[in-house]
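Got a fold to walk through together? Have a look at the structure first, then we'll take it question by question.

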Amino acid sequence: MDPGFEAAFRHFVADRSGALFRTAYLLTGDRHAAEDLVQSALVKTAAKWRSVRNPVAIEGYVRRVMYHEQVSWWRRRSRVAEVPTGWLPDQIGDGHADVVDLRLVMRAALARLTPRQRTMLVLRYFEDLSETEIARLLGVRVGSVRSQIYRSLERLKKTAPELTTVREFG
């Protein structure tokens, strides 16, 4: 890889690795599998770095590679024959129902938000963009972003107060 491309690739990885990891975690549900998924996607992206013409499209390319890698892994896994064993799998813990309940409450609460409010929350807390970056991306003022995020969080507190309590999941 030529030094100019390598520097650009290193800069991209340093800037976006956190957001890519969060996406990979949502795809896999496992921290270690997410790390592996990001690494394999970045290796494939590095190999194709010169052919991606639009710098804005690079992150989309990496996310698409991650998605296809995860689907391929899932398909390979589904073809593996299950083998019965002499022991029972671990039982679901007592806290499992609480986790499921919290997820359902969270999903219902997010569904009550306007699309603009959901967008602001996803960009701020899921994609980890700053308020300035969100404002530039959406073409609005920073004050609008702040007020939308504040209103969204207040609405979540009112519609689902159980979301504001801190819980330990074991």
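Q: At what angle do helix α1 and helix α2 pack?
A: Keep in mind that this is a predicted model. Helix α1 spans residues 3–28 and helix α2 spans residues 31–47. Their axes sit 8 Å apart, and the packing angle is about 135°.

Q: Are α1 and α2 roughly perpendicular or oblique to each other?
A: Angles of 65 to 115 degrees would count as roughly perpendicular, and those over 145 as roughly antiparallel. The angle here is about 135°, so it falls in neither class, and the pair is oblique.

Q: Is the crossing of α1 and α2 left-handed or right-handed?
A: We're still on the pair whose axes are 8 Å apart. The crossing of these two helices is right-handed.

Q: By class, which residues make the contact of α1 with α2, and how many are nonpolar?
A: On the α1 side you'll find F9, F12, V13, L20, F21, A24, Y25, L27 and T28. Facing them from α2 are R31, A33, A34, E35, L37, V38, L42, T45 and A46. Sorted by class, two are polar, two are charged, and the nonpolar count is 14.

Q: How are α5 and α7 oriented, roughly parallel or roughly perpendicular?
A: Helix α5 covers residues 115–126 and helix α7 covers residues 142–159, with axes that come within 9 Å. They cross at roughly 100°. Since 65 to 115 degrees is the range that counts, α5 and α7 are roughly perpendicular.

Q: How many charged residues are there in the contact of α5 with α7?
A: From α5, the contact uses R116, Q117, M120, L121, R124 and Y125. From α7 come V145, Q148, I149, R151, S152, L153, R155 and L156. Seven of the contact residues are nonpolar and three are polar, while the charged ones number four.

Q: Is I134 buried or exposed?
A: I134 lies in helix α6, residues 131–138. Its relative accessible area is 0%, and anything under 20% counts, so I134 is buried.

Q: What does I134 touch, not counting residues up to four places away in sequence?
A: One partner is M120, 14 residues apart from I134 along the chain, with 7.5 Å between their C-alpha atoms. M120 also belongs to the α5 side of the contact with α7. The full set touched by I134 is M120, L123, R124, L129 and V145.

Q: How many helices and strands does the protein have?
A: Reading along the sequence gives α-α-α-α-α-α-α. That comes to seven helices and zero strands.

How values were computed:
Residues are numbered from 1 along each chain as its sequence is written. This is a predicted model: local features need pLDDT of at least 70, side-chain atom pairs count only at pLDDT 80 or more; totals for chains, interfaces and linings use all residues. Side-chain values use heavy atoms; hydrogens and water are left out. Axes are lines fitted to C-alpha atoms, for helices over the stretch in contact, and angles run from 0 to 180 degrees between N-to-C directions. Helices (H or I, at least four residues) and strands (E, at least two) are DSSP runs, numbered from the N terminus. Angles under 35 degrees count as roughly parallel, over 145 as roughly antiparallel, 65 to 115 as roughly perpendicular and the rest as oblique. Contact means heavy atoms within 4.5 Å. Ala, Val, Leu, Ile, Met, Phe, Trp, Tyr, Cys and Pro count as nonpolar, Asp, Glu, Lys and Arg as charged, and the others, Gly among them, as polar. A crossing is left-handed if the near helix is turned anticlockwise from the far one by less than a right angle, and right-handed if clockwise. Buried means under 20% relative accessible area, exposed over 50%, partly exposed in between (1.4 Å probe, protein chains only).
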